[in-house]
Every structure is written in structure tokens, then in C-alpha cells.
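Please open the model in your viewer with the sequence panel alongside, and keep a selection tool at hand. The stops below are meant to be followed in order.

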Amino acid sequence: MFGFLGKYKETHPEFFPLIDGRRVLNNFTQPCFTNKEALRTLIREAREQLNNAPEDTLILDCGNEDTWRCCECPACLLPITLPDGTALAPKSPSAEQDPLFRSTQMFIFLNAMAEELVKEYPKLKILTLAYIFAAEPPKVTVHPAIMVLFAPYPTVNMRFPVMQHGPGVPGSWASRFQQWGQHPALAFYEYWGVGYCNAMGETAAVNLRALAQFGGVGVNAEALQDVDTAMEGIGSFT
Ligand SMILES: [Zn+2]
């Protein structure tokens with residue numbers, strides 16, 4: 001659950017996603033992205049945390065949870081009016097079937113949060129993930145105070161650099177990376193470590209060069225420790 005909404009299960013179940021006809025009251029969900037009170041509450045909670053944090057605190061972590069399921073309440077399934085006045089209607093309630101709609105919904109929510117918080121904290125970065133459905137670049141410009149960690153997962157084959165995954169093909173990983181490359185605060189969320197089957201130095205080097213060309217600022221690697229077993233150790237790569 002985004003930030004600090006998890007404690008509102010009892011008092012505000014409407015902050016939580018409506019899935020298969022019931023509110024899913026746990027912390028590992030996306031919030032109802034169209035609930036304005038949830039947004040106001042999150043901003044208030046974030047402000048309180050930032051006020052109590054050390055002065056040099058510059059990053060507020062607000063990534064989407066590790067699930068494709070998103071709220072199916074009536075408001076969340078209404079077409080989104082985009083800044084240019086056009087409407088983006090959902091093709092499906094399922095984020096797997098329509099990641100663009102859900103990514104746009106999430107970044108509108110985060111943009112509103114960023115706009116409010118940077119008034120008081122001009123150096124703040126809201127850290128989020130371009131991951132699962134949100135890996136699809138949204139139909140709105142992402143606020144520059146939002147630091148996006150692009151997680152190119154799951155690619156068809158992680159042995160090959162991201163830019164080789166369907167260059168020029170809409171919706172491909174190369175196309176997504178190209179689009180995210182326009183965002184001024186971009187980094188990778190990667191899975192480099194011998195516990196994963198993608199510690200391919202050559203591929204990582206090419207990806208990092210591409211990130212640098214886009215002006216990317218860093219990498220967060222979810223790395224497992226070196227486990228010396230046939231399944232999980234370095235033997236995985238031989
Ligand atoms: Zn909803």
C-alpha cells in the first residue's frame with residue numbers, strides 16, 4: 001500500500017482496492033487511485049513523516065506494490081480525461097490487459113502528490129517504480145519531482161539488452177525504455193546478483209550506457225546474496 005495508508009483499514013476501507021466485489025484490506029495492494037480522500041490522507045501522512053525526518057531527507061519511497069490487481073470500483077473504471085482533453089477509456093479492468101490505463105491512473109495520483117509536497121519540500125524526490133503495469137509509460141507527463149525506477153521485468157530474455165527488445169515496436173521494452181528516457185529523473189530497478197539468473201555483465205553494461213545516454217542517475221539492484229548451491233549459486237550461469 002502506498003506510503004502510510006495501511007493503517008486505515010478499519011476506518012477507511014474505501015482507500016483500499018475493490019477487487020471481485022470486495023475491498024482487499026491488506027498493505028500489499030495498490031490504493032484506490034481515484035479516491036481523493038486517500039490522496040489527501042497520503043499527502044498529510046507524508047508531510048508528517050517528512051517533518052519528523054532528518055533535515056537532509058530528500059526521498060520519499062512510494063512505489064507500487066508487487067501485484068497487478070488494481071481497484072475496480074466504478075470511479076476507477078471511468079475513462080480518464082487527459083490534459084489535452086481526450087479521453088483514455090479502460091480496455092479492461094485487468095492491468096495485465098491494459099497496463100497503459102492503470103499506469104496513467106497511478107501517475108496522475110502521484111503527480112498530484114508531488115505537486116502538493118514540492119511546495120513545502122522543493123528538493124524532495126518521490127521515488128516510485130515503473131514496474132509491472134506501471135512499466136508502461138503513462139499518457140500524462142510525470143512530475144519531475146518523481147524519481148522513476150524503471151524495472152524492465154519481465155523481459156522476454158534478460159540476456160539481451162533492453163534496447164534490443166523490440167526497438168521501434170510500440171509497447172516493447174525498447175520502446176518503453178525510450179519513452180522513459182525522456183523523463184528527467186530516471187534510474188534502473190534491476191535484479192543483479194548471482195542468486196538471479198541475469199548477472200550478465202555484458203548486458204548490464206549496455207543497459208547502463210543506454211541509461212547514461214538518457215541522463216539516468218542510478219541503479220537500485222535487488223541483489224540476493226551469493227548462495228553456494230547448484231540452483232542458486234554461480235553454477236546457475238555455467
Ligand atoms: Zn477505486
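The tour goes from the whole chain to the sheet, then to the core, a helix and two individual residues.

**Before you select anything**

This is a predicted model, in which local features need pLDDT of at least 70 and side-chain atom pairs count only at pLDDT 80 or more, while totals for chains, interfaces and linings use all residues. Residues are numbered from 1 along each chain as its sequence is written.

**The whole chain**

Colour the protein chain by secondary structure, and four helices and nine strands should appear; helices (H or I, at least four residues) and strands (E, at least two) are DSSP runs, numbered from the N terminus. Followed along the sequence, the pattern is β-β-α-β-β-β-α-β-β-α-β-α-β. Of the 238 residues in the protein chain, 32% are buried, a residue being called buried if 20 or more other C-beta atoms lie within 10 Å of its own, exposed if 12 or fewer, and partly exposed in between, with C-beta atoms placed from the backbone. Among the contacts in the protein chain with a separation of 6 or more, 66% are between residues 24 or more positions apart; two residues are in contact if their C-beta atoms, placed from the backbone, lie within 7 Å.

**The five-stranded sheet**

Now select the strands β3, β6, β7, β8 and β9, which form an open sheet in the order β3-β6-β7-β8-β9 with parallel pairing; two strands pair if DSSP finds at least two bridges between them. At the edges are β3 (59-61) and β9 (219-221), each of which pairs on one side only. From one strand to the next the twist averages 30°, where axes are lines fitted to C-alpha atoms, for helices over the stretch in contact, and angles run from 0 to 180 degrees between N-to-C directions.

Narrow the selection to β8, where four of the five residues are buried, so that this strand is largely enclosed by the rest of the structure. On one side, β7 and β8 pair in the parallel sense over three bridges: Val-148 has Leu-186 as its bridge partner in β8, and Phe-150 stands opposite Phe-188. Three bridges also join β8 to β9, again running parallel, and here Tyr-189 stands opposite Asn-220.

**The largest nonpolar core**

Next, select Leu-110, Met-113, Ile-126, Ala-130, Ile-146, Val-148 and Phe-150, which touch the most other members of the largest nonpolar core, a set of 49 residues. Such a core is a set of buried Ala, Val, Leu, Ile, Met, Phe, Trp, Tyr and Cys residues joined through C-beta atoms within 7 Å. Two or more residues come from each of α1 (36-52), α2 (99-120), β6 (125-130), β7 (146-150), α3 (173-180) and β8 (186-190), and the largest share, eight residues, comes from α2. Domain 1 (1-124) and domain 2 (151-238) both contribute residues, so the core lies between them; the domain bounds come from an automatic or database domain assignment.

Centre the view on Ile-126, whose contacts, leaving aside neighbours within four places in sequence, are Leu-60, Cys-62, Leu-110, Met-113, Ala-114, Ala-145, Ile-146 and Met-147.

**Helix α3**

Which residues of α3 are buried? They are Trp-173, Arg-176, Phe-177 and Trp-180. Looking down the helix axis, you will find these buried residues within an arc of 100° (taken from the directions from the helix axis to the C-beta atoms), so they line one face of the helix. They pack against β6, β7, β8 and α4 (201-213).

Stay with Arg-176, which is buried with 22 other C-beta atoms within 10 Å. Apart from its neighbours within four places in sequence, Arg-176 is in contact with Ala-135, Glu-136 and Pro-137.

**Two residues with positive phi**

Move to Ile-132, in the loop between β6 and β7, where phi is positive at about 40° although the residue is not a glycine. Ile-132 counts as buried, with 20 C-beta neighbours inside 10 Å, and its C-alpha atom is separated by 9.4 Å from that of Glu-65, 67 residues apart along the chain.

Finish at Asp-20, in the loop between β1 (18-19) and β2 (22-23). Its phi is near 55°, a positive value in a residue other than glycine, and Asp-20 is exposed, with 7 other C-beta atoms within 10 Å.
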